Amino acid sequence: MRAVLLAHPAGHSLSPVLQNAAFEAAGLDVTYEAWDVPPERLAATVAALRDDRSVLGANVTVPHKRTVMATLDGLDPDARAIGAVNVLRRTEAGLVGGNSDGAGFLRSLAEAGLDPAGRSVLLVGAGGAARAVGWSLAARGVASLSVANRTFETAEDLVAAWRQSFPKLRPRAVPTDELGEAVAVSDVVVNATSVGMERGGVDPDESPLPASAWAGGPDRWAVDLVYRPRVPRFLRDADAAGLRTIGGLGMLLHQGAVAFEAWTGRPAPVAEMRAALHAALAGDPPDALRDRPSERDRP
Ligand code: ATR
């Protein structure tokens, strides 16, 4: 059997490393392949997958996460609400699209000891990643949800959509001149922008927030979806101010685990998947503080 990633370009993904380790550890004869699918070939590729019974399931990534929705036979409710699909699974009804980013994000928080239910959260960024993360936080029952973004109108559009789904939460967009105050009153600040991500192998040493915005306090958290570098500037600043920090590797791992479970109906071999990711990123500087094995992974 095969599982595939639909991407364009396909070269940079860590999903083959993650999923091939998972299938091997589970003793399943499945090979995971990354396919470079340009946008004009997406619909035909999905149609071919539907007919090819040797394909167990698929991941979908940039730039297809939204456009793939129109080519499918069904959508999970959360994928429909988020407005993005990153997992395809085969059902009686055909190919159904799901979203494992939000669930993977919540698992990564849980593993680090953070339950966002009842917390005040500030989400920085309003792109595709922020969509999935914000929706999962709202669904988990955060006390408040604010969104700050370089382009304010995009944050406004996002919270307007969430207001329909979560009327009691009353999520709000934060204007730039209120950002400092929004950080100060939040229990959890999440970076869902691409700022701080390594470029050409170099840590850009950039954060979407000024270092002066951070103030410590008991049980305050900074969460970054960036995993390269392992500790981006956003987390370094937060750590220096006394906040607890969670990096992006956990979300990468757990969105893959949720996808594996959707395809196979089995619990994901998380320890082996984590080890494969660490091996693939072995050349990167280590993050000794934060890559603690979870309770579940301990022998
Ligand atoms: P992804 O799918 O990874 O979320 P995306 O949809 O392109 O990628 O979204 C990128 C996010 O990072 C957006 O919130 C973007 O802000 P804009 O809506 O203003 O474009 C944010 N972003 C990217 N580069 C940025 C920068 N240099 N400063 C601030 N925000 C930035």
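# Worked exercises on a predicted model

Asp219 sits in the loop between β10 and β11. The model is predicted. Work through each exercise with the structure in view.

**Exercise 1. Find the phi angle of Asp219 and decide whether the residue is buried, partly exposed or exposed.**

Step 1. Read the backbone. Asp219 has a positive phi of about 60 degrees, although it is not a glycine.

Step 2. Set this against the general rule. Most residues other than glycine have a negative phi.

Step 3. Check the cover. The relative accessibility of Asp219 is 39%, so it counts as partly exposed, between the cut-offs of 20% and 50%.

**Exercise 2. Repeat the analysis for Asp205.**

Step 1. Locate it. Asp205 is in the loop between β10 (188-191) and β11.

Step 2. Read phi. Asp205 is not a glycine, yet its phi is positive, about 55 degrees.

Step 3. Check the cover. Asp205 has a relative accessible area of 38%, so it is partly exposed.

**Exercise 3. Examine the peptide bonds before Pro9 and Pro229: are they cis or trans?**

Step 1. Recall the background. Most peptide bonds are trans.

Step 2. Take Pro9. The bond joining His8 and Pro9 is cis, with omega about -5 degrees. Pro9 lies in the loop between β1 and α1 (15-25).

Step 3. Take Pro229. The bond from Arg228 to Pro229 is cis, with omega near 5 degrees. The loop between β11 (221-224) and α8 (233-240) holds Pro229.

**Exercise 4. Map the ligand's surroundings and its polar partners.**

Step 1. List the shell. Gly125, Ala126, Gly127, Gly128, Ala129, Asn149, Arg150, Thr151, Thr193, Ser194 and Val195 are around the ligand.

Step 2. Sort the shell. Three of its residues are nonpolar, seven are polar and one is charged.

Step 3. Look for backbone partners. For Ala126, a backbone N or O atom lies 2.9 Å from an oxygen atom of the ligand. For Gly128, a backbone N or O atom is 3.0 Å from a ligand oxygen atom.

Step 4. Look for a side-chain partner. An N or O atom in the side chain of Asn149 is 2.7 Å from an oxygen atom of the ligand.

Step 5. Judge the cover. On its own, the ligand has 650 Å² of accessible area, and the protein covers 60% of it.

**Exercise 5. Trace the open sheet that contains β1.**

Step 1. Write the order. Six strands run β2-β1-β3-β5-β6-β4, and their pairing is mixed.

Step 2. Mark the edges. β2 (31-36) and β4 (74-75) each pair on one side only.

Step 3. Zoom in on a pair. β1 (residues 2-7) runs parallel to β2, and six bridges join them. Ala7 stands opposite Asp36 in β2.

Step 4. Check the cover of β1. Five of its six residues are buried, so β1 is mostly covered.

**Exercise 6. Trace the open sheet that contains β8.**

Step 1. Write the order. Six strands run β9-β8-β7-β10-β11-β12, with parallel pairing.

Step 2. Mark the edges. β9 (172-173) and β12 (244-246) are the edge strands, each pairing on one side only.

Step 3. Zoom in on a pair. β8 (residues 144-148) pairs with β9 in the parallel sense over two bridges. Ser146 has Arg172 as its bridge partner in β9.

Step 4. Recall what holds such pairs. Strands of a sheet pair through backbone hydrogen bonds, either parallel or antiparallel.

**Exercise 7. Test the length of helix α9, then describe its cover and its end.**

Step 1. Predict the span. Helix α9 covers residues 249-264, which is 16 residues. At 1.5 Å a residue, the helix should span 22 Å.

Step 2. Compare. The end C-alpha atoms of α9 are 23 Å apart, which agrees with that expectation.

Step 3. Check the cover. In α9, 13 of the 16 residues are buried, so the helix is largely enclosed by the rest of the structure.

Step 4. Look past the end. Gly265 follows α9, and its phi is positive, near 70 degrees.

**Exercise 8. Decide whether Arg274 is buried or exposed, and find a polar partner for its side chain.**

Step 1. Locate it. Arg274 lies in helix α10 (residues 270-280).

Step 2. Apply the cut-off. Buried means under 20% relative accessible area. Arg274 has 12%, so it is buried.

Step 3. Find the partner. The side chains of Arg274 and Glu111 are joined by a polar contact of 2.8 Å.

Terms used
Residues numbered from 1 in each chain as written. Predicted model: local features only at pLDDT ≥ 70, side-chain atom pairs only at ≥ 80, totals over all residues. Heavy atoms only, no water. Near = heavy atom within 4 Å. Polar contact = N/O pair within 3.5 Å; in protein donor to acceptor, adjacent residues only side chain to side chain. Areas by Shrake-Rupley, 256 points an atom, 1.4 Å probe, with all protein chains shown as cover. Nonpolar A, V, L, I, M, F, W, Y, C, P; charged D, E, K, R; others polar. Helix = DSSP H or I, 4+ residues; strand = E, 2+ residues; numbered from the N terminus. Expected span 1.5 Å × (residues − 1). Buried < 20%, exposed > 50% of the residue type's maximum accessible area, 1.4 Å probe, protein only. Pairing = 2+ DSSP bridges.
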